[in-house]
Amino acid sequence: MGGGIGGLACAAALAKRGVAVTLVEQSEKLRETGAGIQISPNGLAVLRGLGLEASLMRAGAVEAGAVVLEDYERGRTVARLDLRRLPDQKYLFVHRADLLGLLARAARQGNVSFEMGRRVTRVFPGPVPEIELADGGTMRSELVVCADGIHSVGRAAVWTGPGPAFTGQVAWRALVPAQTTTREVRVSMGPGCHVVRYPLRGGELMNLVAVQERDAWAEEGWHHADDPANLRAAFAGFGGPVADLLSQAEDVSLWGLFRHPVADTWVRDGVALLGDAAHPTLPFLAQGANLALEDAWVLAACALSAEGLAAYPAARRKRVQRVIDAASANARNYHLRPGLARTAAHLALSLGSRAAPGLMMRRFRWLYGHDVTRTHPL
């Protein structure tokens with residue numbers, strides 16, 4: 001269930017081993033959701049395992065050179081993390097639609113069947129799991145994988161825990177034209193807010209994600225349109241290149257950021273949760289899609305192993321929780337208010353990135369160096 005990144009990757013991985021897979025998607029056709037996406041080395045390992053790395057580069061993926069943290073007022077660089085220090089690894093900026101297209105092609109080449117325009121209303125775990133469809137139909141399978149996102153229908157069938165809570169943060173997303181040769185992701189840090197920007201499709205476009213702390217609630221999901229004037233007003237204090245890019249934004253989406261508890265149970269009687277259905281994460285470490293790719297590979301490998309599905313959550317839970325905690329910490333660090341704490345934090349980042357750049361990158365080895373295709377070969 002679910003034709004997003006995680007669902008397509010899992011379908012392709014299972015098909016790679018000759019498993020008959022049917023993918024059920026509520027949309028009439030696979031379409032872009034959001035805009036840009038960062039594929040870090042841990043996620044790229046899965047795409048490489050599926051044989052998609054070369055195609056991804058031909059589709060216009062931009063290989064990142066650095067993550068740059070900067071001050072919001074004039075764009076002054078606070079710290080620079082050189083991604084070229086990642087040994088034999090790539091960090092990519094990709095248009096989400098391009099990645100979905102490649103994953104769908106891989107699934108079709110593996111003879112995955114697609115049931116488009118069919119919305120799942122209920123999931124029934126059991127000896128032979130079953131799904132109920134809005135059109136009145138039902139489908140049965142030995143395994144039902146629920147990769148249906150933050151509003152997962154399958155999650156309720158596997159685990160009935162507490163619901164999400166609004167974090168007090170909202171995010172805008174926009175794409176603007178930008179003929180550029182830059183290969184950096186830049187995070188402009190302001191009091192209670194920040195803006196992330198990075199190039200897509202060979203530098204033709206710039207992806208913008210702007211996050212603000214506020215009391216006013218916004219609905220969760222990427223498809224809610226907003227007036228660009230609201231985005232510009234919220235970040236009126238930002239200078240440098242950010243101000244110019246925000247002035248170009250025309251089509252803007254807004255969504256509320258909610259904290260979802262990680263499901264205690266991921267597998268129940270032939271039904272398994274994958275990606276956001278099991279463990280939604282905040283976007284402050286750019287790992288949502290990468291975790292879904294990891295899940296997809298590990299789930300497929302476990303399903304086909306002697307250990308079976310029970311090994312899947314055991315292999316994933318500790319790592320997923322660590323990533324979620326790190327993402328939450330990033331939000332706090334990006335949004336420091338003017339004062340001693342902000343000054344000290346920025347000074348430490350600046351000194352660290354200049355005096356010991358290799359040490360700073362080694363702090364992320366646990367994240368980027370993780371390769372599920374080695375720990376769980378298909």
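**Exercise 1. How are helix 8 and helix 9 oriented relative to each other: roughly parallel or roughly antiparallel?**

Let's work it out on this predicted model.

- Step 1: Find the angle. Helix 8 and helix 9 pack at about 165°, and their axes lie 9 Å apart.
- Step 2: Compare with the cut-off. Angles over 145 degrees count as roughly antiparallel.
- Step 3: Conclude. Helix 8 and helix 9 are therefore roughly antiparallel to each other.
- Step 4: Add the handedness. Helix 8 and helix 9 cross in a right-handed way.
- Step 5: Look at who touches whom. Helix 8 brings L291, E294, D295, V298, L299 and C302, while helix 9 brings A311, Y312, A315, R316, R319, V320 and V323.
- Step 6: Sort these residues. Nine are nonpolar, none are polar and four are charged.

**Exercise 2. Describe how helix 1 (residues 5–16) packs against helix 4 (residues 96–109).**

- Step 1: The two axes are 8 Å apart, at an angle of about 25°.
- Step 2: Angles under 35 degrees count as roughly parallel, so helix 1 is roughly parallel to helix 4.
- Step 3: Helix 1 passes helix 4 in a left-handed crossing.
- Step 4: On the helix 1 side, the contact uses I5, L8, A9 and A12; on the helix 4 side, it uses R96, L99, L100, L103, A104, A106 and A107.
- Step 5: By class, this contact has 10 nonpolar residues, no polar ones and one charged.

A handy idea for reading such lists: an α-helix has 3.6 residues a turn, so residues three or four places apart point the same way.

**Exercise 3. Work out which orientation term fits helix 2 (residues 41–49) and helix 8 (residues 288–303).**

- Step 1: Their axes come within 8 Å and cross at roughly 45°.
- Step 2: This makes helix 2 oblique to helix 8.
- Step 3: The crossing of helix 2 past helix 8 is left-handed.
- Step 4: Helix 2 makes the contact through N42, G43, V46, L47 and G49, and helix 8 through N290, L293, E294 and W297.
- Step 5: Sorted by class, the contact residues are four nonpolar, four polar and one charged.

**Exercise 4. Check the length of helix 9 (residues 311–334), then find where this helix bends.**

- Step 1: Helix 9 has 24 residues, and at 1.5 Å a residue the expected reach is 34 Å.
- Step 2: From first C-alpha to last, helix 9 reaches 36 Å, close to that expectation.
- Step 3: Now trace the axis: helix 9 bends by about 35° at R317.

Note on methods. Residues are numbered from 1 along each chain as its sequence is written. This is a predicted model: local features need pLDDT of at least 70, side-chain atom pairs count only at pLDDT 80 or more; totals for chains, interfaces and linings use all residues. Side-chain values use heavy atoms; hydrogens and water are left out. Helices (H or I, at least four residues) and strands (E, at least two) are DSSP runs, numbered from the N terminus. The expected span of a helix is 1.5 Å times one less than its number of residues. The bend at a residue is the angle between axes fitted to the seven residues ending there and the seven starting there. Axes are lines fitted to C-alpha atoms, for helices over the stretch in contact, and angles run from 0 to 180 degrees between N-to-C directions. Angles under 35 degrees count as roughly parallel, over 145 as roughly antiparallel, 65 to 115 as roughly perpendicular and the rest as oblique. A crossing is left-handed if the near helix is turned anticlockwise from the far one by less than a right angle, and right-handed if clockwise. Contact means heavy atoms within 4.5 Å. Ala, Val, Leu, Ile, Met, Phe, Trp, Tyr, Cys and Pro count as nonpolar, Asp, Glu, Lys and Arg as charged, and the others, Gly among them, as polar.
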